[in-house]
Amino acid sequence: MDKHVIVGGKVLNGEVKISGAKNSALPILVACLLSEEPISIANIPHLQDVTTIMELLGRMGSHLTIKDHMIIEVDTSKVTDCVAPYELVRTMRASILVLGPLLARFNQAKVALPGGCAIGSRPVDLHVQGMCRLGAEIEMREGYIYASAPQGLRGAEIYFEKVTVTGTENLMMAAALARGTTILNNAALEPEVVDLANFLNSMGARIEGAGTSRIEIEGVEKLSGCHYSVIPDRIETATYLVAGAITGGRVTVKNTDPRLLPSVLEKLEATGASLDIKPRSITLDMRGNRPKAVDIDTRPFPGFPTDLQAQFMALNTIAEGTAVICEHIFENRFMHAEELRRMGADIRVQGNQAVCHGVNHLTGAPVRATDLRASASLVLAGLVAHGETIVDRIYHIDRGYECIEEKLSQLGADIHRIVQKKTSSK
Ligand code: EPZ
């Protein structure tokens, strides 16, 4: 398994370009299943998860062409196989998103249950309940969801007991071709949900209210092809801003949109960072100061994103003061705390709460990534730790960060990748 080797102590300065949002690109690529006409999508990030979803669509019979600058052309007119197999779904849970489009266009789907992951049990009961409300017949057996809608899907009023991002996206896609109108209550407000709704509407869907907790979808007969560009990645944006904050430097992130991360920018200012916010870029300047500790409460959008909790924990390990971090979304999203403690962090975890006392410095150590955002927090800690940090299992980070070592090196970090030869299985 590849590793990152980081020698800490460099103050980061400079600018990086932000890639397209992973959590927009995934549902938008899957939504191409809803139309028989060719679609082209720009600003797709070059990530392992995107490769996985393209492989899944390809196995179904879709034809995908990668043009220059990661513009992807998708043609699903020849899709014949409505199956999402376990060996792909288990590597990327977002594969559950094919359930809605397959039911809507082909009236059937066989999708492997994603199962849990490092950060939690990750159930999909709300996805399944919603599909049943739209008239699908669903059976779970041998680790698969068998779904069918022989008479097609019909509109219904749906209330999500919990706010679910991909649940909202799955039902929005299913409802787009259902007969009649569907109302999604307690829908997720995330920018990636809005991006998907905008994409579907550019295909001819009739979706109103995306970005609010009540989304109304009037089903249509067919959806057409279109050209679309994915929004910037707000989590990547904030990760590089935290890299500037943790090292006391000055970092500009370009090709991004500050409106995507209002609560995060507020938190960064609370650390003592000064922010210069423009329509397509954000400059963070710590002026060499040590960041102040900031409390974190993860919440659905527009609250503080759970996908940035680990990165801000890394920041808090060397900040001035004590921070209390509460994780309200996932039940097991503090695994990075154990690894940060191995670097000298003073963190005490109690249930869904972590208390973090800032220390004067961390010390480099061999650490292990456990999930995508935890691995980002270990890289951030390595940037500021004294000595060398080796982050193992960085395949996690490759799922969600495009060219992270190149982008961090551009900012002056001392980071490189050790490629581990794949040993033959015999
Ligand atoms: C999306 O996951 C993101 N993934 C996650 O990003 C992100 O952390 C999460 O939303 C929360 O913002 C993608 O968009 C591909 P949820 P999702 O359904 O949709 C419970 C990353 O790092 N729930 O909003 O799977 C669930 O257990 C990833 O990029 C049910 O109980 O998350 C959780 O407690 C990690 N039943 C809460 O809802 C369901 O049927 C929110 O989960 C579905 C969810």
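Strand β1 (residues 3–7) and strand β24 (residues 414–418) run antiparallel and are joined by five bridges. This is a predicted model, and the points below take up the surroundings of β1, an open sheet of four strands with the order β2-β15-β17-β16, the helices beside that sheet, and the cysteines.

**Strand β1 and its partners**

- Within the pairing of β1 with β24, His-4 stands opposite Arg-417, which belongs to β24.
- Strand β23 (residues 388–392) is also joined to β1 by five bridges, and these two strands again run antiparallel; here the bridge partner of Ile-6 is Thr-389 in β23.
- Strand β1 is mostly covered, in that four of its five residues are buried.

**The open sheet of four strands**

- The pairing in the sheet β2-β15-β17-β16 is mixed, and its edge strands, each of which pairs on one side only, are β2 (13–17) and β16 (274–278).
- Direction ignored, neighbouring strands of this sheet are turned against each other by 10° on average.
- Inside the sheet, strand β15 (residues 250–254) runs antiparallel to strand β17 (residues 281–285), with five bridges joining the two, and Arg-250 stands opposite Asp-285 in β17.

**Helices on the sheet and beside it**

- Helix α8 lies across β2, β15 and β17, and runs at about 170° to β15.
- Helix α9 (residues 262–270) packs on the sheet as well, where it touches β16 and β17, and its direction makes about 150° with that of β16.
- Helix α8 (residues 234–247) also packs with helix α10 (residues 309–317), at an angle of about 5° and with the two axes 10 Å apart; because of this angle, α8 is roughly parallel to α10.
- The contact brings Ile-235, Thr-239, Val-242, Ala-245 and Ile-246 of α8 together with Gln-311, Phe-312, Ala-314 and Leu-315 of α10, and the residues of this contact divide into seven nonpolar, two polar and no charged.

**Cysteines**

- A disulfide is a covalent bond between the sulfur atoms of two cysteines, and a search of the whole structure finds zero disulfides.
- For Cys-32, the closest cysteine sulfur is that of Cys-226, and it lies 7.2 Å away, so the two are too far apart for a bond; Cys-32 is buried, with a relative accessible area of 1%.
- For Cys-82, the closest cysteine sulfur is in Cys-32, at 16 Å, which is likewise too far for a bond, and Cys-82 counts as buried at 7% relative accessibility.

Definitions and conventions
Residues are numbered from 1 along each chain as its sequence is written. This is a predicted model: local features need pLDDT of at least 70, side-chain atom pairs count only at pLDDT 80 or more; totals for chains, interfaces and linings use all residues. Side-chain values use heavy atoms; hydrogens and water are left out. Axes are lines fitted to C-alpha atoms, for helices over the stretch in contact, and angles run from 0 to 180 degrees between N-to-C directions. Angles under 35 degrees count as roughly parallel, over 145 as roughly antiparallel, 65 to 115 as roughly perpendicular and the rest as oblique. Contact means heavy atoms within 4.5 Å. Ala, Val, Leu, Ile, Met, Phe, Trp, Tyr, Cys and Pro count as nonpolar, Asp, Glu, Lys and Arg as charged, and the others, Gly among them, as polar. A disulfide is a pair of cysteine sulfur atoms within 2.5 Å. Buried means under 20% relative accessible area, exposed over 50%, partly exposed in between (1.4 Å probe, protein chains only). Two strands pair if DSSP finds at least two bridges between them.
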